[in-house]
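Dear colleague,

I am passing on to you the structure that I have been going through, together with some notes for a first reading. Please have the sequence and the model open beside this message as you go.

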Amino acid sequence: MMCAVNHFRESLQRVYGPLDWLPVPDGQLHRFHVPGDRVGSNNGWYILHLGGVAVGIYGSWKAGGSHRWSSRAPADYREAEQLRQRIEQARRQREAEQHQRQQAAAEYAQRVWRDARRADPGHPYLVAKGVRPHALRQRGAVLLVPLIYGGQLVNLQRIKADGSKRFLFGGMVKGCHSPLGLITPGAPLYVCEGWATAATIHAETGAAVAAAMNAGNLLAVGQRLQRQHQDAVLIVAGDNDRQTEGNPGKTAAIKAAAALGCGLVLPEFPPDAPLALSDFNDLRQWREASQ
């Protein structure tokens, strides 16, 4: 038994780094702290079954995705079926846990949003980005950016005065967006990453914009909007992360636009623009400061 537990732990460590605890092989979902994540967080999860062919599944709520481990290949149909059932059971457990977390986050987001005041146009983040607050709200010194899914508020991105950002623990992000402007048939509908970028594009074009919050969410948001607003002219407005290896913003935007079969725009920086600039808000702010 301990041999299988140790081997499963080795699999976890290959993905997440050194762990100072042993997995519990009881077939239940357990959470753990992922090295490198915020202190006190338990974004990691695992499920480990023993008996016959030992099988474990693990992942990170923050990073998404999952990994599967087994002690060996099944020897016959009976073991293969047992393995399949355990994997299916683990999938149901993980989905139930995720749904509970997302539901709790959505209920909390709605309470916080209801009690918050309209955002102050003089908030340091808005001033630094040169954008209006639009429909944002504020709780204390923290800006609240609404994330919508299926027409419902399900999460909040909280932005502090120093620009640091954080979503609600356990809240939905994939497929969610923060909307600006009115979506009109036949008119452009932009999908971009950050909210300040969305506010900049909306100010410059007057078009509706959906802030997907990160590059990895561009495709999921674009797919939902394409289904819901078939007559809109969808355009992916990507970031241009010139200073980051692989340029993840540009790469994700190109892939999303290709998969969606829609338009694509990227910020084009002059040769003398600092490499740290990456999005349409950065470009506009730099141009205005250079005048």
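I begin with a contact between a charge and a ring: the charged end of R224 sits over the ring of Y149, at 3.9 Å from its centre. A second arrangement of this kind involves R242, which lies over the face of F269 at 4.2 Å from the ring centre. Please keep in mind throughout that this is a predicted model.

As for the chain as a whole, the protein has seven helices and 14 strands, and its C-alpha atoms fill a box of roughly 70 × 40 × 40 Å, taken along the principal axes. Of the 291 residues in the protein chain, 45% are buried, while the accessible surface comes to about 15,100 Å², with 50% of that area belonging to carbon and sulfur atoms. Among the contacts in the chain with a separation of 6 or more, 50% are made by residues 24 or more positions apart.

The first of the two sheets I want to describe is an open one of five strands, in the order β5-β6-β7-β8-β9 and with antiparallel pairing. Its edges are formed by β5 (117-118) and β9 (165-167), each of which has a single partner strand, so one side of each is left without a neighbour in the sheet. Within this sheet, strand β7 (residues 142-149) pairs with strand β8 (residues 152-159) in the antiparallel sense over seven bridges; L144 has R158 in β8 as its bridge partner, and P146 is likewise bridged to L156 of β8. Helix α2 (residues 77-115) packs on the sheet, where it touches β5, β6 (137-139), β7 and β8, and its direction makes about 70° with that of β8.

Strand β8 deserves a closer look, since two hairpins meet in it. In the hairpin of β7 and β8 there are two residues between the strands, and G150 in the turn has a positive phi of about 60°. In the hairpin of β8 and β9 there are five residues between the strands, and here it is G163 in the turn that has a positive phi, of about 90°. The antiparallel strands β8 and β9 are joined by three bridges, and Q157 has F167 in β9 as its bridge partner. Six of the eight residues of β8 are buried, so this strand is largely enclosed by the rest of the structure.

The other sheet is again open and has five strands, but its order is β10-β12-β11-β13-β14 and its pairing is mixed. At the edges stand β10 (178-180) and β14 (263-265), each with a single partner strand, so that one side of each is left without a neighbour in the sheet. From one strand to the next, the twist averages 25°. Strand β11 (residues 188-192) and strand β12 (residues 208-211) pair in the parallel sense over four bridges, and the bridge partner of Y190 in β12 is V209. Helix α5 (residues 218-228) packs on this sheet, touching β11, β12 and β13 (233-237), with its direction at about 155° to that of β11.

Turning to the aromatic residues, a search of the whole structure finds nine aromatic pairs. In one of them, the ring centres of F8 and W69 are 5.6 Å apart and the planes stand at 55°, so the pair is tilted. This pair links distant parts of the chain, with F8 in helix α1 (residues 2-16) and W69 in strand β4 (residues 66-70), 61 residues apart; both F8 and W69 are buried. Another tilted pair is formed by W21 and F32, at 5.1 Å centre to centre and with 50° between the planes. Because W21 lies in the loop between α1 and β1 (30-32) and F32 in strand β1, the pair ties together parts that are eleven residues apart in sequence. W21 is partly exposed, with a relative accessible area of 23%, whereas F32, with 3%, is buried. These four residues belong to one aromatic cluster, formed by F8, Y16, W21, F32, Y46, Y58 and W69.

Finally, a note on a glycine: G261 is found in the loop between α6 (248-260) and β14, and it is exposed, with a relative accessible area of 66%. The C-alpha atoms of G261 and P133 are separated by 32 Å, the two residues being 128 positions apart along the chain.

With best wishes

Notes: Residues are numbered from 1 along each chain as its sequence is written. This is a predicted model: local features need pLDDT of at least 70, side-chain atom pairs count only at pLDDT 80 or more; totals for chains, interfaces and linings use all residues. Side-chain values use heavy atoms; hydrogens and water are left out. Rings of Phe, Tyr and Trp (its six-membered ring) pair if their centres lie within 6.5 Å; planes under 30 degrees apart count as stacked, over 60 as edge-to-face and the rest as tilted. Buried means under 20% relative accessible area, exposed over 50%, partly exposed in between (1.4 Å probe, protein chains only). A charge sits over a ring if NZ of Lys or CZ of Arg is within 6 Å of the ring centre and within 35 degrees of the ring normal. Two strands pair if DSSP finds at least two bridges between them. Contact means heavy atoms within 4.5 Å. Axes are lines fitted to C-alpha atoms, for helices over the stretch in contact, and angles run from 0 to 180 degrees between N-to-C directions. Accessible areas come from the Shrake-Rupley method with a 1.4 Å probe; for residues, only the protein chains shown count as cover.
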